[in-house]
Amino acid sequence: MRYQINQKILSFGDNFTIKDEYGSDQFYVKGKVFALGDKLTIYDVNGVERVYIEQKLLKLMPEYSVYLNGQYAAKVKKEFTFFRPRFHIESTFGQYSIEGDFFGYDFRILKQGRVVASVSKKFFSFRDSYGVEIADDENQALILAFVIIIDQVIHDNNHNDN
């Protein structure tokens, strides 16, 4: 399935809309304002919370916990690298990793070594915008949460922990 993730320009906090390949809204992401660390929630189009993302503070490298439908689902941890961003993910759905290119604009999400999603950040844009292609047999909301975490760690200029 293909998605387009767009950060809202004139919003207070980290807010995104996620549309499918046909331009229909599928999810909304709302970030908590004035919170210590990132706290984001992904809602479906009916306003039902699907994913909650919480940054773990006081870590050497950025680390996030992901809750899917109220249940713990994954720990996402940025790895220390010099040239290409990498993340390691321990999940109740299996082991994932995220590998980025040198500039941090294109990413592959792998599950046990198999590519399950491709992510590409639009280069000429006033807001953060991503194209995401996810394998149909993967949990779509969980993979989209991983993409939101990539944005928070790699491209959010409000953070000093990059």
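What follows is a conversation between two people about the structure shown above.

Colleague: Before we start, what kind of model is this, and from which number are residues counted along each chain?

Modeller: It is a predicted model, in which local features need pLDDT of at least 70 and side-chain atom pairs count only at pLDDT 80 or more, while totals for chains, interfaces and linings use all residues. Side-chain values use heavy atoms, with hydrogens and water left out, and residues along each chain, as its sequence is written, are numbered from 1.

Colleague: Thanks! What pLDDT does the protein average?

Modeller: Here pLDDT is the predictor's confidence in each residue, from 0 to 100. A score of at least 70 is reached by 90% of the residues, and the protein averages a pLDDT of 89.

Colleague: And over which residues is the pLDDT below 50?

Modeller: That stretch has nine contacts in the model beyond near neighbours in sequence, where contact means heavy atoms within 4.5 Å. The pLDDT is below 50 over residues 157–162.

Colleague: On to the fold, then. How many helices and strands are there in the protein?

Modeller: Helices (H or I, at least four residues) and strands (E, at least two) are DSSP runs, numbered from the N terminus. Along the sequence, the pattern reads β-β-β-β-β-β-β-β-β-β-β-β-α. The protein therefore has one helix and twelve strands.

Colleague: What do the twelve strands form?

Modeller: Two strands pair if DSSP finds at least two bridges between them. In this sheet, neighbouring strands are turned by 20° against each other on average, direction ignored; axes are lines fitted to C-alpha atoms, for helices over the stretch in contact, and angles run from 0 to 180 degrees between N-to-C directions. With antiparallel pairing from β1 through to β12, the strands form a closed barrel.

Colleague: Let's look at one hairpin. Which residue in the turn between β10 and β11 has a positive phi?

Modeller: Strand β10 (residues 106–111) runs antiparallel to strand β11 (residues 114–121), and six bridges join them. Within this pairing, F107 has V119 as its bridge partner, and R108 stands opposite S118. Two residues lie between the strands of the hairpin, and the one with a positive phi, of about 50°, is Q112.

Colleague: Over how many bridges do β11 and β12 pair?

Modeller: Here K121 stands opposite Y130 in β12. Strand β12 covers residues 129–134, and its antiparallel pairing with β11 extends over five bridges.

Colleague: How many salt bridges does a search of the whole structure find?

Modeller: A salt bridge is a side-chain nitrogen of Lys or Arg within 4 Å of a carboxyl oxygen of Asp or Glu. A search of the whole structure with that cut-off finds ten.

Colleague: Are K39 and E54, which meet in a salt bridge, buried or exposed?

Modeller: Their side chains meet at 3.8 Å, N to O. The pair links K39 in strand β4 (residues 39–44) with E54 in strand β5 (residues 49–56), 15 residues apart. Buried means under 20% relative accessible area, exposed over 50%, and partly exposed in between (1.4 Å probe, protein chains only). Both K39 and E54 are buried.

Colleague: Which residues are linked with R86 and E99 in a network of salt bridges?

Modeller: R86 and E99 meet at 3.0 Å, N to O, R86 lying in strand β8 (residues 86–91) and E99 in strand β9 (residues 94–100). R86 counts as partly exposed because its relative accessibility is 28%, and E99 is partly exposed too, with 23%. The network links them with E79 and R108.

Colleague: What is the nearest side chain of opposite charge to E63, which is buried yet has no salt bridge?

Modeller: E63 is placed in strand β6 (residues 63–68). Leaving aside neighbours within four places in sequence, E63 contacts E54, Q55, K56, K75, V76 and K77. Lys and Arg count as positive and Asp and Glu as negative, while His and the chain ends are not counted. At 4.0 Å, the nearest side chain of opposite charge is K77.

Colleague: Last one: why does D137 count as exposed?

Modeller: D137 forms a salt bridge with R114, the closest N and O atoms being 3.4 Å apart. D137 lies in the loop between β12 and α1 (140–155), whereas R114 is in strand β11. R114 counts as partly exposed at 41% relative accessibility, and D137 counts as exposed because its relative accessibility is 59%.
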